[in-house]
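Good morning, colleagues. I would like to take you through one protein model, moving from the overall fold to individual residues. Please keep the structure in view while I speak.

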Amino acid sequence: MSDFRQQRSRALMLSKRACVFYLERVRVMLKDDRIVYLTDNLQPMEHFYNIPEKNTAFLLLGKGSSLTDAAARRLAESNVMVGFCGSGGSPLFSSLDLTFLAPQSEYRPTEYMQTWMRAWLEDDARLLMAKVLLSERVSITEKAWKKNINLIQHGISLDPIAMTRFLQDIDLANNQTELLAAEGRWAKSLYKQLASGLNFEFSREEGKGSHESLRDIANSYLDHGNYIAYGYASVTLNGMGISFALPILHGKTRRGGLVFDIADLVKDAFVMPQAFISAKNGHNQKEFRMQLIESCQDQDVLDYMFNFISELCNKIK
């Protein structure tokens with residue numbers, strides 16, 4: 001083997017990685033110094049498919065999937081998050097650090113974790129961080145919905161009254177409980193706008209797993225899409241060395257709650273509209289997943305999350 005072949009390529013920065021994989025009924029392994037997966041297609045000839053681990057942010061393995069120890073080591077070396085989940089991307093089964101197998105093969109930066117920890121221990125600072133998070137959530141949702149061609153075609157936009165009320169509630173809140181109540185009202189207003197614009201009845205039912213109606217399909221896609229958002233959040237927090245167990249909104253006792261906090265930045269902006277649009281247009285799970293991941297890539301979601309957390313840490317120093 002030549003010296004060129006022996007020299008491994010350098011991994012891309014986490015914030016610049018493009019690939020996200022969801023695989024079912026596959027065996028992920030290391031073959032010829034490459035990460036590949038073998039599909040269970042019962043064909044006489046085996047077909048291996050390459051996973052470009054140096055450009056992969058996270059890997060979700062669904063039902064009937066396995067991962068060899070050699071592949072796990074290589075994925076950890078390349079700083080790829082790995083999660084095991086049920087069919088369709090949910091539910092996500094817990095392992096190390098809640099949602100994903102977090103690579104432990106290299107040191108993480110300490111400055112962000114130290115800054116986050118100091119602020120997290122102070123009630124006022126933690127409340128301020130939660131307010132900044134929710135305000136940013138409104139901002140990115142407003143920008144994303146205005147650019148979403150599918151929403152524009154159906155005449156769907158944010159309710160200005162609901163948005164103004166939510167921002168006022170954020171500003172006036174005295175604790176996380178009040179913020180969560182305001183967040184619930186905000187989410188309901190978004191569901192209402194989407195369901196009304198796409199002309200079908202909707203009520204949120206997490207984990208129902210049925211596909212009998214448009215409402216059921218939208219709920220299923222919301223669950224599926226949320227776990228993709230959790231993947232992006234997990235990669236960001238792991239890359240910055242911040243523990244998943246230091247949430248600012250979802251409660252101090254909720255294991256891994258910070259993943260949910262950070263994922264919320266993009267759930268309203270990208271996951272929710274795509275789930276409703278895909279349900280209305282009759283997309284299957286694969287089509288929904290591809291549309292969502294493409295949208296997140298186009299908007300540089302990973303880069304955005306890294307920048308947001310970095311800026312938030314600078315504000316609370």
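I shall begin with the chain as a whole and then turn to selected helices, aromatic rings and loops.

The model before you is predicted. Its protein chain contains 11 helices and 8 strands. The chain has 317 residues, of which 52% count as buried. As for contacts between residues at least 6 apart in sequence, 67% of them join residues at least 24 apart.

Let me turn to helix α10. This helix runs over residues 285-298, which makes 14 residues; at 1.5 Å a residue it should span 20 Å, and its end C-alpha atoms are indeed 20 Å apart. Which residues of α10 are buried? They are Phe288, Arg289, Leu292, Ile293 and Cys296. These residues cover an arc of only 120° around the axis, so they lie on the same side of α10. On the other side of the helix, Lys286, Met290 and Asp298 are exposed. The cover over the buried residues of α10 includes β1 (19-23), α8 (214-240), α9 (257-281) and α11 (301-316).

Both ends of this helix merit a remark. At the start of α10, a side-chain oxygen of Asn284 comes to within 3.1 Å of the backbone nitrogen of Lys286. After the helix comes Asp300, which has a positive phi of about 50° although it is not a glycine. Asp300 belongs to the loop between α10 and α11, and with 47% relative accessibility it counts as partly exposed.

Asn199 can be considered alongside it. As general background, most residues other than glycine have a negative phi. Asn199 is not a glycine, yet its phi is positive, at about 65°. Its place is in the loop between α7 and α8. Is Asn199 buried or exposed? At 65% relative accessibility, Asn199 counts as exposed.

I move next to helix α3, residues 111-120, in which Tyr112, Thr115, Trp116, Ala119 and Trp120 are buried. They occupy an arc of only 130° around the axis, and therefore sit on the same side of α3. What do the buried residues of α3 pack against? Their partners are α4 (123-147), α8, α9 and α11. Thus α8, α9 and α11 appear in the surroundings of the buried residues of α3 and also in those of α10.

The aromatic residues come next. The count comes to 10 aromatic pairs. In one of them, the rings of Tyr227 and Tyr230 have centres 5.1 Å apart and planes at 90°, so this pair is edge-to-face. Tyr227 and Tyr230 are 3 residues apart in helix α8, which means that about one helical turn separates them. Both of these tyrosines are buried. Tyr230 also forms an edge-to-face pair with Phe260, at 4.9 Å centre to centre and with 75° between the planes. Because Tyr230 lies in helix α8 and Phe260 in helix α9, this pair ties together parts that are 30 residues apart in sequence. The relative accessible area of Tyr230 is 9%, so this residue is buried, and Phe260, at 12%, counts as buried as well. Elsewhere, ring pairs link Tyr191, Phe200, Phe202 and Phe276 into a cluster.

Two further positions in helices deserve a place in this account. Ser189 is located in helix α7, residues 176-198. With a relative accessible area of 13%, Ser189 is buried. A polar atom of its side chain lies 2.6 Å from the backbone oxygen of Trp186. The other position is Gly239, in helix α8. Gly239 counts as buried, at 17% relative accessibility. How far apart in space are Gly239 and Pro109, which are 130 residues apart in sequence? From C-alpha to C-alpha, the distance between them is 8.0 Å.

I close with the cysteines. A disulfide, in general, is a covalent bond between the sulfur atoms of two cysteines. How many disulfides does the structure hold? The number is 0. Cys296, which we met in α10, is buried at a relative accessible area of 4%. Cys313 likewise counts as buried, at 1% relative accessibility.

That concludes the presentation. Thank you for your attention.

Methods
Residues are numbered from 1 along each chain as its sequence is written. This is a predicted model: local features need pLDDT of at least 70, side-chain atom pairs count only at pLDDT 80 or more; totals for chains, interfaces and linings use all residues. Side-chain values use heavy atoms; hydrogens and water are left out. A disulfide is a pair of cysteine sulfur atoms within 2.5 Å. Buried means under 20% relative accessible area, exposed over 50%, partly exposed in between (1.4 Å probe, protein chains only). Helices (H or I, at least four residues) and strands (E, at least two) are DSSP runs, numbered from the N terminus. The expected span of a helix is 1.5 Å times one less than its number of residues. The arc is that of the directions from the helix axis to the C-beta atoms. Contact means heavy atoms within 4.5 Å. A polar contact is a pair of N or O atoms within 3.5 Å; within protein, one must be able to donate a hydrogen and the other to accept it, and residues adjacent in sequence count only if both atoms are side-chain atoms. Rings of Phe, Tyr and Trp (its six-membered ring) pair if their centres lie within 6.5 Å; planes under 30 degrees apart count as stacked, over 60 as edge-to-face and the rest as tilted.
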